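Here is a set of exercises to work through with the model open beside you. Try each task yourself before you read its solution.

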Amino acid sequence: MKKHYKYLKRAIELAQSGMESGDGGPFGVVIVKGDVIIAEGHNCVLKSNDPTAHAEVVAIRKACAVLQSYQLENCIIYSSCEPCPMCLGAIYWARPEAVYYVSTRKDAARGEFDDEFIYNEIAMPTKDRSIPFTHLPIKNADVLFTQWLNKSDRKSY
């Protein structure tokens with residue numbers, strides 16, 4: 001358990017430095033494989049003008065580059081805060097072994113990082129969402145999925 005706190009404290013340091021530098025909000029992440037830190041990241045939304053540059057996404061991209069893999073097999077993610085819905089999705093796609101975090105999404109909401117509306121939107125029928133999502137089918141467009149399944153060099157992920 002003690003080693004977890006070491007990495008969580010480092011995530012908090014990254015959150016602090018990223019926030020103080022003006023890169024983005026107070027969020028930091030460390031990704032560990034074995035006992036080795038393979039990637040770190042902090043929120044870079046403001047620095048990069050990229051709404052997806054959350055600490056988790058930044059660190060996942062770096063870790064995958066280091067591992068030369070699109071999955072974080074046998075890795076642990078340490079975050080200064082409970083991941084938002086976008087980061088939660090990225091984490092599930094990356095498939096780490098575990099995630100540890102310090103602050104909760106309720107703590108983040110007190111800092112005006114309230115993701116509750118996104119959780120609510122995900123659960124709504126598309127017609128009721130605050131941003132319109134409209135399905136416009138095009139005949140035979142779904143053939144791409146059949147082509148994918150029939151691709152001889154396909155690598156599932």
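**Exercise 1. Find out how strands S1 and S2 pair, and look at the turn between them.**

Step 1. Strand S1 (residues 28–33) and strand S2 (residues 36–42) run antiparallel to each other and share six bridges. Two strands count as paired if DSSP finds at least two bridges between them. Helices (H or I, at least four residues) and strands (E, at least two) are DSSP runs, numbered from the N terminus.

Step 2. Pick one residue: valine 30 has glutamate 40 in S2 standing opposite.

Step 3. Now look at the hairpin, where two residues lie between the strands and glycine 34 has a positive phi near 70 degrees.

A note before you go on: this is a predicted model, in which local features need pLDDT of at least 70 and side-chain atom pairs count only at pLDDT 80 or more, while totals for chains, interfaces and linings use all residues. Residues are numbered from 1 along each chain as its sequence is written, and side-chain values use heavy atoms, with hydrogens and water left out.

**Exercise 2. Describe the neighbours of strand S3 and decide whether S3 is enclosed or open.**

Step 1. With S1, S3 pairs in the antiparallel sense over five bridges; lysine 33 stands opposite cysteine 75 in S3.

Step 2. With S4, S3 pairs in the parallel sense, again over five bridges. Here isoleucine 76 has alanine 98 in S4 as its bridge partner.

Step 3. Check burial, where buried means under 20% relative accessible area, exposed over 50%, and partly exposed in between (1.4 Å probe, protein chains only). Seven of the seven residues of S3 are buried, so S3 is largely enclosed by the rest of the structure.

Step 4. Zoom out: the protein has seven helices and four strands, in the order α-β-β-α-α-β-α-β-α-α-α along the sequence. Of its 157 residues, 31% count as buried.

**Exercise 3. Count the aromatic pairs and classify two of them.**

Step 1. Start with the rule: rings of Phe, Tyr and Trp (its six-membered ring) pair if their centres lie within 6.5 Å; planes under 30 degrees apart are stacked, over 60 edge-to-face, and the rest tilted. This rule gives five aromatic pairs.

Step 2. One of them joins tyrosine 78 and tyrosine 100, with 5.5 Å from centre to centre and 15 degrees between the planes, which is stacked. Tyrosine 78 lies in strand S3 (residues 75–81) and tyrosine 100 in strand S4 (residues 98–103), so this pair ties together parts that are 22 residues apart in sequence.

Step 3. Compare the exposure of the partners: tyrosine 78 is buried at 0% relative accessible area, whereas tyrosine 100 is partly exposed at 29%.

Step 4. Next take tryptophan 148 and tyrosine 157: the ring centres are 6.4 Å apart and the planes stand at 80 degrees, so the pair is edge-to-face. Tryptophan 148 is partly exposed at 34%, while tyrosine 157 is exposed at 59%.

Step 5. Finally, ring pairs join Tyr7, Tyr78 and Tyr100 into a cluster.

**Exercise 4. Which rings have the charged end of an arginine over them?**

Step 1. A charge sits over a ring if NZ of Lys or CZ of Arg is within 6 Å of the ring centre and within 35 degrees of the ring normal.

Step 2. Arginine 105 lies over the face of tyrosine 119, 3.9 Å from the ring centre.

Step 3. Arginine 129 has its charged end over the ring of phenylalanine 133, 5.0 Å from the centre.

**Exercise 5. Find two residues other than glycine with a positive phi, and say where they sit.**

Step 1. Arginine 95 has a phi near 60 degrees. This arginine 95 is in the loop between helix H4 (85–94) and S4, and is partly exposed at 39% relative accessibility.

Step 2. Glutamate 112 has a phi near 70 degrees. The loop that holds glutamate 112 runs between H5 and helix H6 (116–123), and glutamate 112 is exposed, with a relative accessible area of 75%.
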